[in-house]
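Q: I should like a close look at a single part of this structure. Please describe how its helices pack against one another, and then follow the description outward from there.

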Amino acid sequence: MNPEVQNIVAAGKLPAADGEKLSKLEPGTFVLHKSWGVGKIAEWDLLGDRMLIDFEGKPGHPLKLTFAISSLEIISTDHILARRLGDLDALKEMSAKDAPALVELALKSSGNTLHLDDLEKLIKGRIVSEADYKKWWEAAKRALKTHRHVVVPAKRSEKLVLRDQAENAGTQMVKSFLAARDLKTKLATLASIQKDIDLFSDPKTELIPVFQDISDSARKSVKLNLKECLQLLLARDELIENLTATAPMGSMKISDLICETKEVLADSIKGLSASLLGRIYRAFPEAFPNRVWVPEILHHLTKTGGRAVAEIATVLDANDELDVLAEALKKSLRNRMLSADLLIWMARERKGLAESVFDIDLGHAILGVIESDHMEGGPKRTGRLQDLLSDDKTLLGEMVAEAEDEDVRLLAKRLINGSLFDELTRRSLMARIIKVRPEMEAMMDENAGAHKDDSLIVSWESLEKKKLELEDLVNVKIPDNKKEIQIARDEGDLRENGGYKAARDQQSVLMRMQGKMERELRNARGTDFANVPTDKVGIGTIVEVEDIPSGEKETFTILGAWDGDLDKNIISYLSESAKALIGKAVGEELELSTDSQHVTRKVKVTAIRAFNP
């Protein structure tokens, strides 16, 4: 113990344990504080019960002795933070001349592992300027490629690692793999092994423990981490193929895993690369022998993403099962069970693997998926489908070339009368149909005008609400009413049974409501009121009017048939007030009805703007 400290302890001013700690905090010692960072103890003032510390950016900062003892961590003079405080110029020179050495210093100061964010905190702004750091780090990464003992992670969430240089690099990677506790770390380490396979003198032998561990890990983790297990087995198989090696006897095969997890496999492999998906689907015949694999793989057609569709079709084609694929696609088209990815693949493969099922039904299916997506709040998943119809100049023409007139009319009606595309795009799409089927031009001119009078313009939100109301009516209220009728019937004499009569009357009401809702939905045309003109009042505009006698102002929002909300001054375009307003320009005057019957008031339109949902 320091003699001066010993005197304080002897006088009872400091416990002996604290005296031991204080003796280590003598002037010249580098320390670390949670809040103030790195510092160097400048001097003691034991009689004044304090010490002075030169913190980075805060020199001469006093701390009470007891607080210093409990809050300061001693760091060595070789620590990057100590050197940053004591010899910053040397570190700056190191960053410019030997970036890998600076990274190694940071790693050694941090227990040989370090997240990239933490490395940035150590260097950026102090040793390397903020403006130059990104460029510096890119150069440092390139230089570190020749330093095999420093592992630079592929992802920012993973850690930099400093290996023991005395040990063979291949042996180190095997140890790192076996020590990894989670599958993601194992995958990252296996990727490093694949990349640096030249560091192994006998990889077929040296990697046997890795291959065995992969099999064991997959068996243990398959229920909780199926996707990572698949990736691990696939990466192992690829490495084995490249080495022309053999997996240890009894190793788990990818086909075993597929068979074990068939119920959840489709959901688990979404997002995998096309190459990995191809390897999975090529293992199906082995996983499910005697053609059992065919229905299993077809099940994935409507469950997985776009990359999977092409790989599944390729496997079916390679095994002479295209007729089964065609039948499955036809059935899915009829039942409207196709995903956007599958529809896009069918369109693009119309002269290839999907040629036998390419017809106008595909067009209806595409529009159906887009319409459904709009009803769920706007195009979230089907933007590529809309782009497909717009960008593929020959697609529509090829769809309608051999189709029946009525089918072409129906498809053209859906294009013209829907709100899925802007006016310019609709005209362009129709022109492609008319180019192949000229007889459609006159029919569409007639139909366009007729449809305007019958269709209901509604917001996507109100359309979805109406559909939910119908669903509740059909699936809840009507069945409940049927139960009430049966209960009343069981009570006896129906002529004197008031409950039975009331239930039957209610049944009539519910059935009329169902018919009315279904007709409304058939005639409804959803819209988001985007891009509406504002030169005149119209559907999807907000109009401000001024009462001519009083000068009082009022604002109306004119929306769809089912969007009225008097509390918010939202009115349906079918209301009398909206009908009076629609078509008026700023400055025009009109008569608006009031709450009193047959009484109107004179107003002037003062402003028109677009509704922005």
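A: The account below begins with one pair of helices and then moves to the surroundings. The model is a predicted one.

In general, a pair of packed helices is described by the angle between the two axes and by the distance that separates them. For helix α12 (residues 208-221) and helix α13 (residues 226-243), the angle is about 160 degrees and the axes are 9 Å apart. The two helices α12 and α13 are therefore roughly antiparallel, since angles over 145 degrees are placed in that class. Their crossing, that of α12 and α13, is left-handed.

The contact may be read residue by residue. On the side of α12, the participants are Phe211, Ile214, Ser215, Ser217, Ala218 and Ser221. On the side of α13, they are Leu226, Cys229, Leu232, Leu233, Arg236, Leu239, Ile240 and Leu243. Sorted by class, the residues of this contact between α12 and α13 comprise ten nonpolar, three polar and one charged.

Helix α12 has a further partner, helix α9 (residues 169-179). The axes of α9 and α12 come within 10 Å and cross at roughly 15 degrees. The helices α9 and α12 are therefore roughly parallel, because an angle under 35 degrees is counted in that way. The crossing of α9 and α12 is again described as left-handed. Val174, Phe177 and Leu178 of α9 meet Pro209, Val210, Asp213 and Ile214 of α12. In this contact of α9 with α12 there are six nonpolar residues, no polar ones and one charged. Ile214 of α12 appears in the contact with α9 and also in the contact with α13.

Leu226 of α13 leads to a loop residue. Thr261 is situated in the loop between α14 and α15 (265-268). Residues up to four places away in sequence being set aside, Thr261 touches Val222 and Leu226. The relative accessible area of Thr261 is 8%, so this residue is buried, the limit for that term being under 20%.

Helix α13 also takes part in covering another helix, α16. The buried residues of α16 (residues 274-282) are Leu276, Leu277, Gly278, Arg279, Ile280 and Tyr281. The elements that cover them include α13, α14 (254-260), α17 (284-287), α18 (293-299) and α19 (306-318).

The description can now be widened to the nonpolar core. The largest nonpolar core contains 122 residues, and Met346 and Leu581 have the most contacts inside it. Helix α13 gives the most to this core, with ten residues. Apart from it lies another core, of 29 residues, which includes Leu91, Ala99, Ala106 and Leu122.

Leu581 merits a closer description. With residues up to four places away in sequence not counted, Leu581 touches Val537, Val543, Val545, Phe556, Ile558, Ile571, Leu590 and Leu592. Ser577 is found in helix α30 (residues 576-581). Its relative accessibility is 17%, and Ser577 therefore counts as buried. Beyond its neighbours within four places in sequence, Ser577 is in contact with Ile571, Leu592 and Ser593. Ile571 and Leu592 are thus named among the contacts of Ser577 as well as among those of Leu581.

Two loop residues call for a remark on backbone geometry. As a general matter, most residues other than glycine have a negative phi. Asn569, in the loop between β12 (553-559) and β13 (570-572), has a positive phi of about 60 degrees although it is not a glycine. At 25% relative accessibility, Asn569 is classed as partly exposed. Asn531, in the loop between β10 (524-527) and β11 (541-547), likewise has a positive phi, near 60 degrees. The relative accessibility of Asn531 is 77%, and this residue therefore counts as exposed.

For a further example of helix packing, helix α21 (residues 340-348) and helix α23 (residues 383-391) may be considered. Their axes come within 9 Å and cross at roughly 20 degrees, and α21 is therefore roughly parallel to α23. The crossing of α21 with α23 is left-handed. Ala340, Asp341, Leu343, Ile344, Ala347 and Arg348 of α21 make the contact with Arg384, Leu385 and Leu388 of α23. By class, the contact of α21 with α23 consists of six nonpolar, no polar and three charged residues.

Definitions and conventions: Residues numbered from 1 in each chain as written. Predicted model: local features only at pLDDT ≥ 70, side-chain atom pairs only at ≥ 80, totals over all residues. Heavy atoms only, no water. Axes fitted to C-alpha atoms, helices over the stretch in contact; angles between N-to-C directions. Helix = DSSP H or I, 4+ residues; strand = E, 2+ residues; numbered from the N terminus. Parallel < 35°, antiparallel > 145°, perpendicular 65-115°, else oblique. Left-handed = near helix turned anticlockwise from the far one by under 90°. Contact = heavy atoms within 4.5 Å. Nonpolar A, V, L, I, M, F, W, Y, C, P; charged D, E, K, R; others polar. Core = buried A, V, L, I, M, F, W, Y, C linked by side-chain atoms within 4.5 Å. Buried < 20%, exposed > 50% of the residue type's maximum accessible area, 1.4 Å probe, protein only.
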